[in-house]
Every structure is written in structure tokens, then in C-alpha cells.
Amino acid sequence: MITWREEFRLGVEEIDKQHKRIFDIANEAYDLLKDEFHLDKYDRIVDIIKDLKNYAVYHFDYEENYMKSIGYRKLLSHKVLHDDFKEKINNIDLDKVDENQDEYIKEILNFVVDWIESHILKTDRLYAEKDLKK
């Protein structure tokens, strides 16, 4: 289970709320992985991937507009990271998902957890600290 901790809080209320939603999606994947009674998980995995894809687009647009509004100078390099995330999600091979469903859920979880740890804790923190110094 992926738990929101205070260290993830950036101090930008709406963005913190959106980051919590990403945790929720990751936890949906975790719950599905642990569900021993759900033998064919394909449809649910596809739904989780869609949720992650759609929410990432919404969140990244919001975050990029926020960075623009505070004059964050590293916006373009930050946007590249967002684009890489979207590309990874868009290039998921659903045939491979169906071949080994639990393994693919683990891959999604690892990807999201790595993203949370590297992106929110390090990269996002940079613009939040810049804004808080104003």
C-alpha cells in the first residue's frame, strides 16, 4: 500500500490534493494485485491505466499552468518529465498486460512509486520552494 506522508506535501493545496489522487490510483492497483478472488484482472487493469493516463494529463496541465503563473524558470525541463510520463503510459502494450496481469500491475506500481519518490519529492519540491520564498 502506498501511503501519503507529510513529506509529500508541497504546501500548494490544489497540487497536494491532486498528488493524493495519484496515490489513490496506485492503491487501486495495489488492491487489485492483492485480490486473490479476482482471477481475470485485465479489464480492471485497463481501467486503472486509463484513470492514470487521464488524471496525469489533467494534473500536469494544472501543474504547468501553476508553474507558469509563478514564473518558474525550469518549466520547460519540468514539462519534458511530464511528457515522458505520458509517453510511457500511452505506450503500454495491452496484449502484454493480458499475458501476465499480476506482473503488469507490479510494473505499474513500481513506475508510479518511483515517479512519486523522484518527481514529487525532488522535482516538484523545487517549484514549491521557489513559490514559498516569495
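Helices here are DSSP runs of at least four residues, numbered from the N terminus, and the largest share of the lining of the largest pocket, four residues, comes from one of them, H5. The model described is a predicted one. The points below take up helix H1, then two buried residues of helix H2, then the largest pocket, and finally a buried histidine of H5.

**Helix H1**
- Helix H1 covers residues 13-34, a run of 22 residues, and its first and last C-alpha atoms lie 31 Å apart, which is close to the 32 Å expected at 1.5 Å a residue.
- The buried residues of H1 include the nonpolar side chains Ile15, Ile22, Phe23 and Ile25, and among the others that are buried in this helix are Asp16, Gln18, His19 and Asn27.

**His59 and Ile49 in helix H2**
- His59 belongs to helix H2, which spans residues 42-69, and its relative accessible area is 1%, so this histidine counts as buried.
- The side chain of His59 is joined to that of His19 by a polar contact of 3.2 Å, and His19 is itself one of the buried residues of H1.
- Leaving out residues up to four places away in sequence, His59 touches Ile15, Gln18, His19 and Ile22, each of which is listed among the buried residues of H1.
- Ile49 also lies in helix H2, and because its relative accessibility is 6%, below the 20% cut-off, Ile49 counts as buried.
- Between Ile49 and Ile25 there are 9.0 Å in space, C-alpha to C-alpha, although the two are 24 residues apart in sequence.
- Apart from neighbours within four places in sequence, Ile49 is in contact with Ile89, Ile92, Leu94, Val97 and Ile108, and of these Ile89, Ile92 and Ile108 also appear in the lining of the largest pocket.

**The largest pocket**
- The largest pocket holds about 160 Å³ of space, and its lining is made up of Leu52, Glu87, Lys88, Ile89, Asn91, Ile92, Asp93, Tyr104, Glu107, Ile108 and Phe111.
- Helices H3 (75-90) and H5 (101-132) each supply at least two residues of this lining.
- By residue class, the lining divides into six nonpolar, one polar and four charged residues.

**His119 in helix H5**
- His119 is located in helix H5, the helix that gives the largest pocket the largest share of its lining.
- With a relative accessible area of 2%, His119 is buried.
- When residues up to four places away in sequence are not counted, His119 touches Glu63, His78, Leu81, His82, Asp114 and Asp124.

Conventions. Residues numbered from 1 in each chain as written. Predicted model: local features only at pLDDT ≥ 70, side-chain atom pairs only at ≥ 80, totals over all residues. Heavy atoms only, no water. Expected span 1.5 Å × (residues − 1). Buried < 20%, exposed > 50% of the residue type's maximum accessible area, 1.4 Å probe, protein only. Polar contact = N/O pair within 3.5 Å; in protein donor to acceptor, adjacent residues only side chain to side chain. Contact = heavy atoms within 4.5 Å. 1 Å grid on protein atoms, 1.4 Å probe; cavity = no way out; pocket = protein on both sides within 12 Å on 5 of 7 lines; lining within 4 Å. Points joined across faces, edges and corners; volume = space filled by probe spheres on them.
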